[in-house]
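Here is a small set of exercises to work through with the model open beside you. Try each task before reading its solution.

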Amino acid sequence: MKINIITLFPEFFDNFKKESIIGRAIESQKIEINIINLRDFCYDKHKQADDMAFGGGPGMVMKLEPIFNALETVTGKVIYPSPQGPVFTQKLALDLSIEKEITILCGHYEGIDERVIEEKVDLEISIGDYVLTGGEIPAMVMCDVIARMVPGVIKKESYENDSFFDGLLDHPHYTRPSDFKGLKIPEVLISGHHKNIDNWRLEQSLKRTMERRPELLENREFTKEEKKIMEKLEKKLLNQN
Ligand code: ADE
């Protein structure tokens, strides 16, 4: 998969491209992250990428010509990170992870000329209800979430068990030692009984989701097993009150 990132600050991505899972995915050619310097597409004398807003007001607006020019060099869906979009989700990332090529367009200042969004942007997406200084960090977030689900980047089982993948928060994890100064791990995890371990993990996921993010369960179609566990958890909760 090829991910193009159009930015005025290409150096932002230097480490991002080198480190850890993303670094290895690039090295093994599972993904390509192509950083496009928007400045290279500013053809006027001063290489100006922004200008004052029509109608006045503080802040500058990113000009449309350089962005149109840069977009001529790419194909596939164009994503514009912005607080105005719907919030990014694991489901959307999974859908995007099977695309051949996508482009993330990083905005700055007050934003970009609206005509770019109307004419060229397929998806305007927010990473949460807060405002960042620019689109580079959201671009990294999106890139990271999408790239790890590109086939071959990490094991499918790894991300299928993640929080949100199946609409639930993740269960707790433990590693050695099993007893650290009296801090013990749940017995079931060293029982060797895989069915009981799976059940315990599902129960923990449901319990955490119920306690921390109950809205995630609102429209869930529970499996038989999940229904049983939910009844047990609700009974426990009733007994506590
Ligand atoms: N740019 C600035 N704030 C943003 C946000 N919350 N999400 C995506 N892009 C942004």
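**Exercise 1.** Find the backbone partners of the ligand's nitrogen atoms, and say how much of the ligand is covered.

*Solution.* Begin at Ile-127, where a polar backbone atom lies 3.0 Å from a nitrogen atom of the ligand. Next, look at Tyr-130: here a polar backbone atom is 2.7 Å from a ligand nitrogen. Then go to Leu-132, whose polar backbone atom is 2.9 Å from a nitrogen of the ligand. Each is a polar contact, a pair of N or O atoms within 3.5 Å. Finally, the cover: of the 260 Å² of accessible area that the ligand has on its own, the protein covers 95% (Shrake-Rupley method, 1.4 Å probe).

A word on the model: it is predicted, local features need pLDDT of at least 70, side-chain atom pairs count only at pLDDT 80 or more, and totals for chains, interfaces and linings use all residues. Residues are numbered from 1 along each chain as its sequence is written, and side-chain values use heavy atoms, with hydrogens and water left out.

**Exercise 2.** Sort the residues around the ligand by class.

*Solution.* First collect the residues with a heavy atom within 4 Å of the ligand; among them are Pro-81, Ser-82, Ile-125, Val-131 and Pro-138. Then sort: the shell has eight nonpolar, four polar and no charged residues. In this scheme Gly counts as polar, and Tyr and Pro as nonpolar.

**Exercise 3.** Locate the largest cavity and describe its lining.

*Solution.* The structure holds one cavity of 30 Å³ or more, and the largest has about 40 Å³ of space. A cavity is a set of points on a 1 Å grid over the protein atoms alone where a 1.4 Å probe fits but cannot get out, and lining residues have an atom within 4 Å of a point. The lining includes Phe-12, His-108, Leu-132 and Glu-136. By class, it divides into three nonpolar, four polar and one charged. Leu-132 thus appears in this lining and around the ligand.

**Exercise 4.** Pick out two backbone features.

*Solution.* Start with the peptide bond between Arg-176 and Pro-177, which is cis, with omega about 0°. Then turn to Lys-47, a residue other than glycine with a positive phi, near 50°. Most residues other than glycine have a negative phi, and most peptide bonds are trans.

Key. Polar contact = N/O pair within 3.5 Å; in protein donor to acceptor, adjacent residues only side chain to side chain. 1 Å grid on protein atoms, 1.4 Å probe; cavity = no way out; pocket = protein on both sides within 12 Å on 5 of 7 lines; lining within 4 Å. Points joined across faces, edges and corners; volume = space filled by probe spheres on them.
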